Each structure stands twice: as structure tokens, then as C-alpha cells.
Amino acid sequence: DTICEKLEFSKPTGYRYIKDLVVHGLLERLYGGQYTLGPRISVMDYIAQRSNPVIQLSIPLMKDIVEQTEFNCCLTQFYEDYCLDIYHESCKETTLLAYGRGRPRPAYAGAAPKVILANTATKIQKSIFQKYNEQFLTSDFAQDEATFIQKLNEIKKQGYYFSKGELESHLGAIAVPIIYSNRAFPISLSIVGSVKRFNLINVETIVDILSQSAKFIESEFKKIDSD
């Protein structure tokens with residue numbers, strides 16, 4: 001009844017949809033009449049991971065980045081108006097990341113969204129600024145649309161973005177774009193760690209490691225795409 005009410009379905013329609021989803025394994029009925037996502041979702045998640053060539057190309061490189069830097073490493077994509085980590089490698093079982101794979105996070109805070117936006121069309125940049133202008137103003141990133149576009153252009157030219165405490169106050173991140181197709185949003189490759197650790201590192205060295213990995217992924221994907 002709660003599901004029908006939330007989705008504004010009539011009860012007969014809602015019950016029919018829910019029954020179909022349960023039959024196909026997309027929902028699972030728990031004891032007490034509650035529902036959770038079904039086992040087919042786990043299968044779909046596995047297929048999504050295994051069938052995505054960018055993820056498969058990135059995994060060994062991300063493992064190597066984690067080993068070299070002892071930071072967490074994330075692969076992030078832009079979807080609609082939020083960001084989503086589609087894969088990550090953690091360093092020494094660390095629990096620094098509040099946002100993990102599959103959990104939507106804001107499009108206006110952190111290194112990954114800014115480096116992705118910096119490499120997208122101006123029309124999309126303006127749309128995001130209009131939607132989240134209060135957040136950008138509050139964070140002092142940009143006071144108006146023109147400044148916002150200018151800063152994104154600077155990030156694009158620089159080739160990376162370094163954030164400290166934007167998404168979570170204790171975390172920093174350095175992100176570079178993976179521009180693997182002119183028909184899709186770039187994907188961000190980033191390292192994430194404590195702000196205290198970032199205060200002690202050589203940023204240029206980290207950027208070089210990330211950029212080399214991103215270029216390798218781009219070139220390998222183009223070979224796959226051409227086939």
C-alpha cells in the first residue's frame with residue numbers, strides 16, 4: 001500500500017506491477033510484508049561491471065595506482081544531474097569513503113564532477129549551474145554563470161582538479177578526465193584520501209600517474225571501439 005501511495009498507482013495496478021517484479025527476481029518479498037531489491041539486480045550489477053570495457057581496462061591500472069600512492073582510487077561517471085562511482089579500489093581496507101560504488105553524490109562538489117563538467121558542452125555546464133547555483137555560490141566556487149564557465153575552462157586547460165574538503169570536510173581528491181568517446185560524458189579517474197595526507201604530497205607526481213593511466217585507457221578503448 002505504501003509503494004502504491006508513493007508512486008501514485010491504484011492498488012490493483014501497483015499489486016500487479018509488484019507481483020511481476022517479484023516473479024522476475026527484480027524485487028524480493030521479505031518477512032513482514034516488506035520488499036527489497038531482488039537477486040536479479042545483483043546479476044545485472046555483475047553483468048554491468050564485466051561488460052563495461054572502460055571499467056575492465058581501468059581495474060588493473062587502479063590497483064597499481066592504489067599500490068603506488070596508498071590512496072583510494074575511484075572511477076566516476078556523470079548521470080543526469082548527479083555523479084556515480086562505478087568502480088573503486090580501496091587502500092588497506094580503509095573506510096574513508098562515505099560515498100561508494102553505486103551511491104549517487106552531488107554534481108556540484110568534489111574533484112570528479114568538476115573535471116567531468118570541465119570537459120562537457122557549455123550548454124550542459126550552464127544547465128548544471130542554473131540548477132545548483134546556490135550551492136556553487138555558497139561554496140565560493142563561482143558567483144555567476146560567466147565565472148563558472150571560466151573556471152571550468154581553466155580546469156580543462158589544466159587537465160585536472162584538486163579539491164580539499166568539498167564533498168566531505170576531511171577528504172581531498174585529485175581527478176583527471178578519461179575522454180574515451182565524443183558521444184558520451186567523460187569519466188573521471190581520481191584518488192581520494194585525507195586532507196592531512198594531501199598536504200604532504202607532490203601534486204604533480206600524482207597528476208602524472210593519473211594522466212598516464214587515463215591516456216592509456218583512452219587509447220585502448222579506441223582500439224576496441226574501432227574493432
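## A sheet, two cores and a nonpolar patch

Let's start with one residue: Tyr 17 is partly exposed, with a relative accessible area of 40%. Here, buried means under 20% relative accessible area, exposed means over 50%, and partly exposed lies in between (1.4 Å probe, protein chains only). What you're looking at is a predicted model, in which local features need pLDDT of at least 70 and side-chain atom pairs count only at pLDDT 80 or more, while totals for chains, interfaces and linings use all residues. Residues are numbered from 1 along each chain as its sequence is written, and side-chain values use heavy atoms, with hydrogens and water left out.

Tyr 17 sits in helix H2. Helices (H or I, at least four residues) and strands (E, at least two) are DSSP runs, numbered from the N terminus. Tyr 17 also joins Ile 3, Leu 7, Phe 9, Val 22 and Tyr 35 in a nonpolar surface patch of about 500 Å². Helix H1 (2-7) and helix H2 (11-23) each give at least two residues to that patch. Patch members have over 30% relative accessible area and no salt bridge; like charges are joined within 9 Å, and nonpolar side chains (Val, Leu, Ile, Met, Phe, Trp, Tyr) within 5 Å. A salt bridge is a side-chain nitrogen of Lys or Arg within 4 Å of a carboxyl oxygen of Asp or Glu. Accessible areas come from the Shrake-Rupley method with a 1.4 Å probe, and for residues only the protein chains shown count as cover.

Now zoom out. The protein chain has 10 helices and 8 strands, and its C-alpha trace spans about 60 × 40 × 40 Å along its principal axes. Of its 227 residues, 42% are buried. The accessible surface comes to about 13300 Å², with 52% of that belonging to carbon and sulfur atoms.

Next, the sheet. Six strands form an open sheet in the order E5-E4-E3-E8-E7-E6, with antiparallel pairing. At the edges are strand E5 (105-106) and strand E6 (161-164), each pairing on one side only. Two strands pair if DSSP finds at least two bridges between them. Here are some of the pairs:

| Strand pair | Sense | Bridges |
|---|---|---|
| E4 and E5 | antiparallel | 2 bridges |
| E6 and E7 | antiparallel | 4 bridges |
| E7 and E8 | antiparallel | 8 bridges |

You can spot residues facing each other across these pairs: Cys 83 stands opposite Arg 105 in E5, Tyr 161 opposite Ala 175 in E7, and Leu 171 opposite Ser 194 in E8. E6 and E7 make a hairpin with 6 residues between them, and Gly 165 in the turn has a positive phi of about 70 degrees.

Is E7 covered or bare? It is mostly covered, as 8 of its 8 residues are buried. Leu 171, Ala 173, Ala 175 and Pro 177 are buried on one side, and Gly 172, Ile 174, Val 176 and Ile 178 on the other.

In soluble globular proteins, nonpolar side chains tend to be buried together. A nonpolar core is a set of buried Ala, Val, Leu, Ile, Met, Phe, Trp, Tyr and Cys residues joined through side-chain atoms within 4.5 Å. In the largest one, of 31 residues, Leu 75, Ile 174, Ile 178, Leu 189, Ile 191 and Leu 210 touch the most other members. Elements giving two or more residues to this core include helix H4 (53-69), strand E3 (72-79) and helix H10 (203-226). Apart from it lies another core of 24 residues, among them Val 115 and Ile 149.
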